[in-house]
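Please open the model in your viewer and keep the sequence panel beside it. We will go from one selection to the next, with a short note on what is there each time.

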Amino acid sequence: MIQIKDLHKSYHMGSNSLHVLKGINFNVKEGELVSIMGSSGSGKSTLLNILGMLDEADQGQYILDDVPIKNLNEKIAAKYRNEFLGFIFQSFNLINYKSALDNVSMPLYYKGVKRKERTERAMHYLEKVGLAQWSHHLPSELSGGQKQRVAIARALASDPKVLLADEPTGALDTKTSYEVMELIQGINDEGKTILIVTHEDDIAHMTKRIVNLKDGLIIDDSSVEQIRASAHV
Amino acid sequence: MFDIERWQEIFETLSKNKLRTFLTGLSVASGIFILVILLGFSEGIANGVKSQFEQDATNKISVWTGVTTKGYKGLNPGRYVQLKNSSFEAIENQYDDYLEYRTKDYMIYGGTVNYQNETGNYRVRGTMPENQFIENADIGSGRFINSSDISSSKKVAVIGNKIKEDLFKGEDPIDKNIQIFGMNFKVVGVFYDPGGDREEGQVYVPLTTAQKVFNAGENIRNMAFTVKMADDFDEAVQTSNAIALGIEKKIKELHTVAPDDISAVRVNNTLEQAEKIYSLIATLKLVFWFVGIGTIIAGIVGVGNIMLIIVKERTKEIGIRKALGALPSSIIGMILQEAIFVTMFSGLFGLILGLGLLELVGPQIQNDFIKYPQVDFKIALSTVFLLVFAGTIAGFIPAYRAAKIKPIDALRDE
């Protein structure tokens, strides 16, 4: 599903140049649930941004579902993001003046889906995350865990190839974190490829594979025995 | 543009920020409002001044005489220059080709006129048939003085509408006899004049009759001509100036008046004055447009400013939208449409308010120099186009900024 070869990325700040990714090689097969770990500054967020086409690599190859991702202009990047990717953020990033349902249907709006079908599909995903009865509430009326579940529903709405989650549990307490992880595991069980950036060990061990980053290089990449979140709830 | 979703979104954001929307709208609305009022009044002033000129033909040249102030060729100052029939004929002969209408008048100010028991004091004016066109007098009923009245010195009178109302109290005055200083005159016509009451409070009688009954002999008080108009206004003004100068010179020669004696012979050229006033009005209009446009620009800059703030405020939201697959064009469209909508809506509001005020207050203005202040449809329409254009400009820079927002920057957690 994802193939990455010799990926480099530097940031330039004035005269200083910061080499963040120093040659990443990494493949993800369909249906995997991978966590990317590392201390801050290890380059894990940069890697996720490049995977999410929010940023572009200086050097190297990135192939997503057999489509080479390079020389993107804004238009194509927007199209690919909409088609291939679903984002889950640490701070949820819901649009605060829109109801849960409207938030979930937004990717479908940009995909050009008609209103009626959009609402139906958005409602379906809200049901899936267990928030059907909250569909007309604003994000401010929801708890942190509920907000993240709305965000997950939104990420799923356009039926993307890959879900990218940046510290999805970073803003949640342990119990809620496990609930969210349970949901993510459930989605993975249905076959969706999911990448999670985290620095929490317990969260990482709820995935099937842990990739450890340090100073812009992968120092460890191993499969782990998945711990079901449901065991903790 | 016609995407319902997008409209819903715009209304949603606007209604989330009612005060901000209101203040932005207010600045645009007041700009347009002021422009409309200014334009309306400049039109009103133009109308008012034009109607001042409509009292008489605009291409009129009139000749009046007074008392000499300078000695000339052995004659003492202080002598009254008396125009005669012969002075008129001399001018008529010399400029016949250039003249359109001509008249010579002999008038009595404050002539006692009565019909049965009603009496009034009016200006009684002996005149020639062509004076009807020089004075812009409109015949309401009957006829004006004609040449047969002149040649046989008939005792007929054409009265102004005001006199008809004063003396006849709704009766039909045609063929009735009025007395002027006790002498019977038959009313043959009633006239209206754009000059209003002042001009309509006159009685016209044949010049020859006036000269006889008032013992004026060959004397006349003044004469007036209109010049044939060339198609080109500037050329017409030039010709009419040349003729006015020529007439003045000729009259001074005939009556032995010093060429530089200003008060003895006065030749008044309406066309020249009209030209000055019209150019004044044109300048005034220009100034009004300038001020109005300036006000609108201030309003539009306000909208642009607010839109920039909105974009700044919504940076994160725009980033989210882009991460979800929003095209740059859809972001530009969203911001631009909001700006255009705010300027359009508030601008139209200001336009309607301004037009409404003119419609309401306009007819109540009682001033000689402001008449029917109004804005014509074309101007109203062009301000609307101006608005759409302005809204686009006001929205474009903020929209462009919005499109440039990188989702990665917008979404970075603080």
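The tour below starts where the chains touch and then visits sheets, a helix and the nonpolar cores.

Two notes before you click. This is a predicted model, in which local features need pLDDT of at least 70 and side-chain atom pairs count only at pLDDT 80 or more, while totals for chains, interfaces and linings use all residues. Residues are numbered from 1 along each chain as its sequence is written, and chains are lettered from A and ligands numbered from 1 in the order in which they are written.

**Stop 1: where the chains touch**

Show both chains: 21 residues of chain A and 16 residues of chain B make up the contact. Two residues are in contact if their C-beta atoms, placed from the backbone, lie within 7 Å. On the chain B side, select helix H1 (4-16), helix H11 (315-323) and helix H14 (407-411), the elements that give two or more residues. Helices (H or I, at least four residues) and strands (E, at least two) are DSSP runs, numbered from the N terminus. H11(B) gives the largest share of this side, 4 residues.

**Stop 2: the open sheet of chain A**

Now display the 6 strands of chain A that form an open sheet of mixed pairing, in the order S6-S7-S8-S3-S9-S10. Strands pair if DSSP finds at least two bridges between them. At the edges, pairing on one side only, are strand S6 (85-88) and strand S10 (217-223) of chain A. Inside the sheet, select residues 33-37 and 209-214 of chain A: these are S3 and S9, parallel partners over 4 bridges. There Met37(A) stands opposite Asn212(A). Next add helix H5 (residues 144-157) of chain A, which packs on the sheet and touches S6 and strand S7 (162-166).

**Stop 3: helix H2 of chain A**

Select residues 74-84 of chain A. Which residues of helix H2 are buried? They are Ala77(A), Ala78(A), Tyr80(A), Arg81(A), Asn82(A) and Phe84(A). A residue is buried if 20 or more other C-beta atoms lie within 10 Å of its own, with C-beta atoms placed from the backbone. These buried residues pack against S4 (59-64), S6, H3 (100-111) and S7 of chain A, together with H11 of chain B.

**Stop 4: the nonpolar cores**

A nonpolar core is a set of buried Ala, Val, Leu, Ile, Met, Phe, Trp, Tyr and Cys residues joined through C-beta atoms within 7 Å. The largest one has 115 residues, and Ile36(A), Leu164(A) and Ile335(B) are among those that touch the most other members. Helix H2 (residues 18-54) of chain B supplies the largest share of this core, 13 residues. Zoom in on Ala153(A): beyond its neighbours within four places in sequence, its contacts are Val104(A), Tyr125(A), Leu126(A), Lys128(A) and Val129(A). A second, separate core has 51 residues, including Phe88(B) and Ile243(B).

**Stop 5: strands of chain B**

Select S3 (residues 99-115) and S4 (residues 118-127) of chain B, which run antiparallel and are joined by 8 bridges. Their hairpin has 2 residues between the strands, and Gln116(B) takes a positive phi near 50° there. Tyr115(B) has Glu118(B) as its bridge partner. Then add S11 (residues 222-227) of chain B, where 5 of the 6 residues are buried. S11(B) runs antiparallel to S3(B) over 6 bridges, and to S1 (residues 60-65) of chain B over 5 bridges. To finish, label two pairs: Arg102(B) with its bridge partner Phe225(B), and Val63(B) opposite Met223(B).

Definitions and conventions
Axes fitted to C-alpha atoms, helices over the stretch in contact; angles between N-to-C directions. Buried ≥ 20, exposed ≤ 12 C-beta atoms within 10 Å, placed from the backbone.
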